Amino acid sequence: MTNSPNGRRCLLKVLRTIVYSIIVAFLFWQIWRVRDGLGDSLSSVGWSAVGLSVGFTVVGTAPGFFGWRLLVAGTGVRLTISDAAWVYFLSGVTVYLPGGIWPPIVQAALARRVGAPASRLMAAGLITLVMTMLSGGIVGLVAVPHLATDDPMWWLSVPVVLSAAGAVILVPRLLTRLLGLGQRILRRGGHEIVLPSGRTTLGVVALNVLGWCCNGTHAVIVAVALGAPPASAMTLGIGGFVLSAIAGALSQAPAGLGVREVVLGLTLGALVSGPDLIVLLLLSRFVTTLGHVIATLGVLGVLAGTRFVTARREAAHASPAQSLTRE
């Protein structure tokens with residue numbers, strides 16, 4: 001039975017469910033174990049620190065958007081700011097579904113509404129995922145010196161990340177294969193895809209690095225509020241969060257749920273421990289989710305309001321013209 005494709009898929013689903021269940025159970029056990037000190041740790045953080053953390057996560061969505069738009073333009077597709085924002089932020093909602101491939105798929109599905117070839121948006125989305133992971137790996141390296149004091153094996157991640165980043169940036173064939181993959185998935189090869197230039201690729205990486213730093217700053221703020229040394233919190237907080245976010249994305253769990261918390265606990269355990277660490281993990285999930293929701297609803301709300309006002313104005317201008325025609 002397990003030799004058939006359906007059997008293997010069922011087995012993988014069962015194993016994935018078991019692993020996720022174990023991780024979630026482990027996290028709940030950790031919360032229960034330190035439940036007596038959670039209230040004091042939460043009160044020590046304060047609402048000002050939480051609000052500032054949410055603000056950084058909201059701002060952190062902007063570099064990712066402009067990096068994606070730059071990459072889309074590099075493949076030969078020109079989108080207005082409003083159309084690009086609508087596609088990007090609407091597709092971003094799918095990160096809360098199992099699997100990390102949904103944003104490029106949704107972007108391709110929305111391509112027709114903005115007058116763009118679906119294959120190009122699909123391919124640009126796939127490359128964006130790779131660039132996001134690579135730029136995150138680069139940012140995560142800032143945590144390596146601190147982590148390597150306990151385990152020197154962490155130094156091995158430096159050449160691995162740098163080699164992977166250099167391969168994608170300097171070897172266009174890898175990007176070409178990703179672009180071709182997008183066409184094969186959609187079974188549409190009629191549109192020739194222009195490969196982004198090296199300058200465009202570097203710009204995308206730089207914007208993603210900025211976005212990762214903004215998002216990771218929330219962990220620094222919360223860790224410092226809980227008593228962590230600011231200097232160590234700056235490097236380990238940002239780098240540790242980024243490493244945990246990458247691990248969560250690679251796990252294919254919805255928004256990395258569970259996996260991200262485990263890796264974040266391992267990396268930031270050197271800064272805080274006990275109830276403080278649990279509070280940091282809980283607030284990290286809360287802050288990043290709330291920041292993403294605020295940014296998404298804010299952008300989509302503004303776009304919807306703008307289109308509504310534009311439609312009303314066009315209708316108002318059309319009414320006098322229709323009246324004159326009848327007369």
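In this predicted model, the axes of α6 and helix α7 (residues 118-140) approach within 8 Å and cross at roughly 160°. Because angles over 145 degrees count as roughly antiparallel, α6 is roughly antiparallel to α7. The crossing in which α6 passes α7 is right-handed. The points below turn to the salt bridges, helix α13 and a nonpolar surface patch.

**Salt bridge between α14 and α5**

- The structure holds 2 salt bridges, and one of them joins R307 to D83, with the closest N and O atoms 3.6 Å apart.
- R307 belongs to helix α14 (residues 275-326) and D83 to helix α5, so this pair ties together parts that are 224 residues apart in sequence.
- R307 counts as partly exposed, at 40% relative accessibility.
- D83 also falls in the partly exposed class, with a relative accessibility of 21%; the buried class requires a value under 20%.

**Salt bridge between α14 and α13**

- R285 forms a salt bridge with E261, and the closest N and O atoms of this pair are 2.7 Å apart.
- Since R285 lies in helix α14 and E261 in helix α13 (residues 259-268), the pair ties together parts that are 24 residues apart in sequence.
- R285 counts as buried, at 15% relative accessibility.
- E261 is likewise classed as buried, its relative accessibility being 8%.

**Burial of helix α13**

- Helix α13 is mostly covered, with 7 of its 10 residues buried.
- Charged residues R260 and E261 are among the buried residues of α13, and E261 is the salt-bridge partner of R285.
- The other buried residues of this helix are V259, L264, G265, T267 and L268.

**Nonpolar surface patch**

- V93, V95, Y96, V293 and L297 make a nonpolar surface patch of about 390 Å².
- V93, one of the patch residues, is found in the loop between α5 (81-92) and α6 (102-110).
- With a relative accessible area of 41%, V93 is partly exposed; a residue needs over 30% relative accessible area to be part of a patch, so V93 meets this cut-off.
- V293 and L297 also contribute to the patch, and their residue numbers fall within helix α14 (residues 275-326).

Technical notes: Residues are numbered from 1 along each chain as its sequence is written. This is a predicted model: local features need pLDDT of at least 70, side-chain atom pairs count only at pLDDT 80 or more; totals for chains, interfaces and linings use all residues. Side-chain values use heavy atoms; hydrogens and water are left out. Patches are made of residues with over 30% relative accessible area and no salt bridge: like charges are joined within 9 Å, nonpolar side chains (Val, Leu, Ile, Met, Phe, Trp, Tyr) within 5 Å. Accessible areas come from the Shrake-Rupley method with a 1.4 Å probe; for residues, only the protein chains shown count as cover. A salt bridge is a side-chain nitrogen of Lys or Arg within 4 Å of a carboxyl oxygen of Asp or Glu. Helices (H or I, at least four residues) and strands (E, at least two) are DSSP runs, numbered from the N terminus. Buried means under 20% relative accessible area, exposed over 50%, partly exposed in between (1.4 Å probe, protein chains only). Axes are lines fitted to C-alpha atoms, for helices over the stretch in contact, and angles run from 0 to 180 degrees between N-to-C directions. Angles under 35 degrees count as roughly parallel, over 145 as roughly antiparallel, 65 to 115 as roughly perpendicular and the rest as oblique. A crossing is left-handed if the near helix is turned anticlockwise from the far one by less than a right angle, and right-handed if clockwise.
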